[in-house]
Amino acid sequence: MTDRRLRAVAATPLPEHLADRIRAAEPRLDLVVPQDLLPPQQHPGDHGGDPSFERSPADERRFQDLVDSAQVLYGIPGEQPTQLARTLRANPALEWVQLMPAGGGAQVRGARLTDEELGRVRFTTTAGVHAVPLAEWCVFGLLAGFKTLPRLQEAQRAHDWAQDRWMMRRLEGSRVLVVGLGSIGRLVAERLAGQGVHVSGTSRRAVEVDGVEEVVHPRDLAARVREYDGVVVTLPGTDETRHLVSAEVLAAVKPGLVVANVGRGTVIDQEALIERLRDGTVGFAALDVTDPEPLPADSPLWDLPNVLLSPHTAALSDREDDLIADLFARNATRFLDGEPLINPVNTREFY
């Protein structure tokens, strides 16, 4: 353990009791939380804060002076990549930024930093913090498709106690492919395997994951996808993952496939997905993410009866802020002790 101290500034809302918790966990961290300069949260996990909040010009100068004095940032101002770039360039002492999203690499990419800037500052994400609620949502999305949620809702709205009963599919014994075996995908696989599902997963490397019976290389998706009753997407949005679930893959699926996506909307070719939903090849899609976001009001996804939309909210829970604060404290200790940080951003692929 070193005697070095770190000056950290919260650039995103952080309740005072959590600030105290971080300070207690790592006393070498001088954490500044300018509560009067931060927007109030509208709900737990609201890292941007109330959009109606405005600082006076004098307060904005005070706020920028504070973040520009930090060696470490907890979040980025306004959750805006342009503000990350401004702060990094105004503050040569900045060494590390703790990003709030699990997919915070997209914020780093959006800042359009130079190679020198990317090499000077370390970035970490909150990957893993959201794994439980997202895994739960994936199971929920699959069940919504397997158990004919749209048909049930339609009958309920019509006050129609159907005389003709219909079959529902069992999740137990089905085959599901988890596209992406990061922290979220691994937990999805574990939860599904616990319910008797035969789980496969995709990876570019040979990996062993609890609950995963087979690992499929992404290049083989089109050739193998017809074997599965459900596909769960958990991958981040990168150049490498864009339209990985392509038109070719979607054309090859088993009729009635159920899709759940909590990764990024760009991983699926959305136009091709809409076509397959319309013709019934894809029987149901539960989408927490779309391309783009917010989803335009004229998107067909809004009105397709076999689609369940969630406005990128599946990760939110009342424990999110606590878990991020605890992760930040652990990372601060690692930073001070010269140990590898948890969840470093890959500044080539930005995930």
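These legends go with a few views of a predicted model, from the whole chain down to one helix.

**View 1. The whole protein chain.** Its C-alpha atoms fill a box of roughly 70 × 45 × 35 Å along the principal axes. The radius of gyration, taken over C-alpha atoms, is 22 Å, which agrees with the value near 20 Å for a compact globule of 351 residues; that rule is 2.2 Å times the number of residues to the power 0.38. There are 12 helices and 12 strands, read as DSSP runs (H or I, at least four residues, for helices; E, at least two, for strands) and numbered from the N terminus.

**View 2. What's tucked away in the chain.** Buried residues make up 50% of the 351, where buried means under 20% relative accessible area with a 1.4 Å probe, protein chains only.

**View 3. Helix α11 and its neighbours.** This helix covers residues 270-278, and its buried residues are Gln270, Ala272, Leu273, Ile274, Arg276 and Leu277. They pack against α10 (247-251), β11 (282-287) and β12 (307-309), with contact meaning heavy atoms within 4.5 Å.

**View 4. The two ends of α11.** At the N-terminal end, Asp269 is the cap: one of its side-chain oxygens lies 3.3 Å from the backbone nitrogen of Glu271. Just after the helix, Gly280 takes a positive phi of about 85 degrees.

**Notes.** Residues count from 1 along each chain as its sequence is written, and side-chain values use heavy atoms, leaving out hydrogens and water. Local features need pLDDT of at least 70 and side-chain atom pairs count only at pLDDT 80 or more, while totals for chains, interfaces and linings use all residues.

Definitions and conventions:
Polar contact = N/O pair within 3.5 Å; in protein donor to acceptor, adjacent residues only side chain to side chain.
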